[in-house]
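Dear colleague,

I am passing on the structure that we discussed, and my notes follow below it. Please read them with the coordinates open beside you.

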Amino acid sequence: MSLSHIDDSGKASMVDVSGKPVTSRSATAEALVRVNEAVAAQFDGSELVSKKGPVFQTAILAGVMGAKQTSQLIPLCHPLPLDSVKIDIGFDGNTAIIRCTARTTGRTGVEMEALTGASIAALTLHDMCKALDPAITISQVRLLEKTGGKSDYHAE
């Protein structure tokens, strides 16, 4: 098995997807954001409004915008017409769980768009709350599942 973005001469190359069938594709990614107890206590199931504005809504919008810009951020990603990007944010103790699901109908998957959306939402949550907790950590950015195309994937 070889890396998909390396051509036969060892150079970086965009994958040629012209021969692939157009299928419905979906991917879900997750990022974890750990905050201190003081910040977590303010997320009581409702929106926290900081000096910069509503934290969750801003993070969700930033994540959607990030997913839409993936091909401009990741050099070898194909620009994709996204059919949908949904971001959910919830809390488990001191950890915000951010999940991003991206969907398209096309010749290549949307894993990078889902990962970018979750990452940008996590970075935005960090930015919105850093005055209350400068030690916020972002971790475990990962693909949870992908469907469509040649093979499906589901994290264990």
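**Notes on the model**

Methionine 65 is placed in helix α2, in what is, I should say at the outset, a predicted model. With a relative accessible area of 56%, methionine 65 counts as exposed, because that value is over the 50% cut-off. Although methionine 65 and alanine 121 are separated by 56 residues in sequence, their C-alpha atoms lie 9.3 Å apart in space.

A second methionine deserves a look alongside it. Methionine 112 belongs to helix α4, and its relative accessibility of 33% makes it partly exposed. Together with Leu73 and Ile74, Met112 forms a nonpolar patch on the surface, and the accessible area of these residues together is about 240 Å².

Turning to the interior, the largest nonpolar core comprises 31 residues, and those with the most contacts inside it are Val33, Val55, Ile87, Ile89, Ile98, Leu125 and Cys129. Two or more residues of this core come from each of β1 (23–34), α1 (37–42), α2 (55–68), β4 (82–92), β5 (95–106) and α4 (111–129), and it is α4 that gives the most, with eight residues. This may be set beside a general tendency, namely that in soluble globular proteins nonpolar side chains tend to be buried together.

Valine 33 can serve as an entry point to that core. Leaving aside residues up to four places away in sequence, valine 33 touches Asn94, Thr95, Ala96, Ile98, Ala122, Leu125, Ile136, Thr137 and Ile138; of these partners, Ile98 and Leu125 are also listed among the core residues with the most contacts.

How many disulfides does the structure hold? There are zero. Cysteine 100 takes part in no disulfide, and the nearest cysteine sulfur, which belongs to cysteine 77, is 13 Å away, while cysteine 100 itself is buried, at 0% relative accessibility. Cysteine 129 is likewise in no disulfide, the nearest cysteine sulfur being that of cysteine 100, at 19 Å. Cysteine 129 is also buried, with a relative accessible area of 1%, and it is listed among the core residues with the most contacts.

One backbone feature remains to be mentioned. Glutamine 140 has a positive phi of about 50°, although it is not a glycine, and this residue sits in strand β6, which spans residues 137–147. The side of the question that concerns its surroundings can be answered as well: glutamine 140 is exposed, with a relative accessible area of 53%.

With best regards

Definitions and conventions: Residues numbered from 1 in each chain as written. Predicted model: local features only at pLDDT ≥ 70, side-chain atom pairs only at ≥ 80, totals over all residues. Heavy atoms only, no water. Core = buried A, V, L, I, M, F, W, Y, C linked by side-chain atoms within 4.5 Å. Buried < 20%, exposed > 50% of the residue type's maximum accessible area, 1.4 Å probe, protein only. Helix = DSSP H or I, 4+ residues; strand = E, 2+ residues; numbered from the N terminus. Contact = heavy atoms within 4.5 Å. Patch = residues over 30% accessible without salt bridge, like charges linked within 9 Å, V, L, I, M, F, W, Y side chains within 5 Å. Areas by Shrake-Rupley, 256 points an atom, 1.4 Å probe, with all protein chains shown as cover. Salt bridge = Lys/Arg side-chain N within 4 Å of Asp/Glu carboxyl O. Disulfide = S-S within 2.5 Å.
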